[in-house]
Amino acid sequence: CSHETRLAGAFILDIAYGLDVKNKDDVYIDQAERAMAAMAIGGTASSYLVDFIPSLKYLPSWLPGAQFKRDAKTWKQDASAMPRDCLQFVEDALKKGDARPCAGTILLEELDEHDGKHDEKKRAIHDVLGSMYAAVPHQLIQDDVYNGYHIPAGSTVIANVWAVAHDPAVYGPNPGKFDPSRFMNASQTEINPDMPMGYETFGYGRRVCPGLHIGVESVWLMIVSVLAVFDVKSAVDGELEGNQFWKYTSGLLSHPYPFKLRIVPRNPDAEAMIRNGVVTGV
């Protein structure tokens, strides 16, 4: 996986499970990425015909047209293993006495095996820690009415985060443009405290992603760390790589398409600092 993907995953796995990701082929990172890819496809409402004709779920998996069942069987392995195997790592480390400090360690150590709700609490730990790496659509448990629209119980609800984050009424006539000034006050001297900061991408209400603060702070740390010692330039001076730089994939999870750029040390002192950091493992 890419450096930024590995960094984001390593951050979460370290905080949640005490896992120390050492290389790009880490088994836990690869497993999480496969699970996320599966959830992105399965969570997109128009991926399969069964999304429109629910009764198709009763078809046997071997029947033509039931590809969704065969895919789901494969996806389930990674989606189930992602939180299960990571939590098992923490449990094994606790038994051996070499568990690293992390959320999983703290929560598991607080469990009492004689508590009648032990299994229920352990399942809650499993689910909450697993949700730090993933966000999924939600389902209504009772009928609801929103802006005059009746939404029956059992309906799958997916917030249109893209529309919220690209609202011209809030962000101006060209919300997709990189323009940090939109977040400043009229005199461009301070951040406008009334301007949204994009946190809606982490969900809403009591089901908001528990990794919100990790995500925000890790992105900030990565950006300032890079800008402190590197110059980020276009692949060709004065030009971006066609229009690919601005293109993103569509679906439940959206990622930028690959594009070319140059990341070079800012000066000899910065280069020495970078190399020293690599050698010492900083």
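This briefing describes the fold, the nonpolar regions and the salt bridges of a single chain. The structure is a predicted model. Nine helices and six strands make up the secondary structure of the chain. Of its 282 residues, 23% count as buried. The largest nonpolar core holds 15 residues, and a separate topic is a nonpolar surface patch of about 830 Å².

**Overall dimensions and contacts**

- The C-alpha trace spans about 60 × 55 × 40 Å along its principal axes.
- The chain exposes about 19,800 Å², and carbon and sulfur atoms supply 58% of this area.
- Among contacts between residues at least 6 apart in sequence, 51% join residues at least 24 apart.

**The largest nonpolar core**

- Within this core of 15 residues, L13 and Y17 touch the most other members.
- The elements that give two or more residues to the core are α1 (3-17), α2 (27-42), α3 (67-96) and α5 (118-131).
- Helix α1 provides the largest share of the core, with four residues.
- Leaving aside neighbours within four places in sequence, Y17 is in contact with I12, P83, C86, L87, F89, V90, C102, L129 and G130.

**Helix α8 and the nonpolar surface patch**

- The surface patch is formed by V219, W220, L221, I223, V224, L227, V232, F259, L261 and I263.
- Two elements, α8 (212-229) and β6 (261-265), give two or more residues each to the patch.
- Helix α8 makes the largest contribution to the patch, six residues.
- I223, one of the patch residues, is found in helix α8.
- With a relative accessible area of 43%, I223 is partly exposed, because it falls between the 20% limit for buried and the 50% limit for exposed residues.
- Helix α8 has 18 residues and reaches 27 Å from its first C-alpha to its last, close to the 26 Å expected at 1.5 Å a residue.
- The buried residues of α8 are L212, I214, G215, S218 and V229.

**Salt bridges**

- The count of salt bridges comes to six; the bullets below describe R100 with D14, D127 with R123, and D231 with R266.
- Side chains of opposite charge can pair when their charged atoms come close.
- R100 and D14 meet through their side chains at 3.3 Å, N to O.
- This pair links distant parts of the chain, with R100 in the loop between α3 and α4 (103-109) and D14 in helix α1, 86 residues apart.
- R100 is partly exposed at 35% relative accessibility, and D14 is also partly exposed, at 30%.
- D127 forms a salt bridge with R123, and the closest N and O atoms are 3.7 Å apart.
- Both D127 and R123 lie in helix α5, four residues apart, about one turn of the helix.
- An α-helix has 3.6 residues a turn, so residues three or four places apart point the same way.
- D127 counts as partly exposed at 41% relative accessibility, as does R123 at 48%.
- The side chains of D231 and R266 meet in a salt bridge at 3.1 Å, N to O.
- D231 in strand β5 (residues 230-234) and R266 in the loop between β6 and α9 (268-280) are 35 residues apart, and the pair links distant parts of the chain.
- Relative accessibility is 25% for D231 and 39% for R266; D231 counts as partly exposed, and so does R266.

How values were computed: Residues numbered from 1 in each chain as written. Predicted model: local features only at pLDDT ≥ 70, side-chain atom pairs only at ≥ 80, totals over all residues. Heavy atoms only, no water. Patch = residues over 30% accessible without salt bridge, like charges linked within 9 Å, V, L, I, M, F, W, Y side chains within 5 Å. Areas by Shrake-Rupley, 256 points an atom, 1.4 Å probe, with all protein chains shown as cover. Salt bridge = Lys/Arg side-chain N within 4 Å of Asp/Glu carboxyl O. Buried < 20%, exposed > 50% of the residue type's maximum accessible area, 1.4 Å probe, protein only. Core = buried A, V, L, I, M, F, W, Y, C linked by side-chain atoms within 4.5 Å. Contact = heavy atoms within 4.5 Å. Expected span 1.5 Å × (residues − 1).
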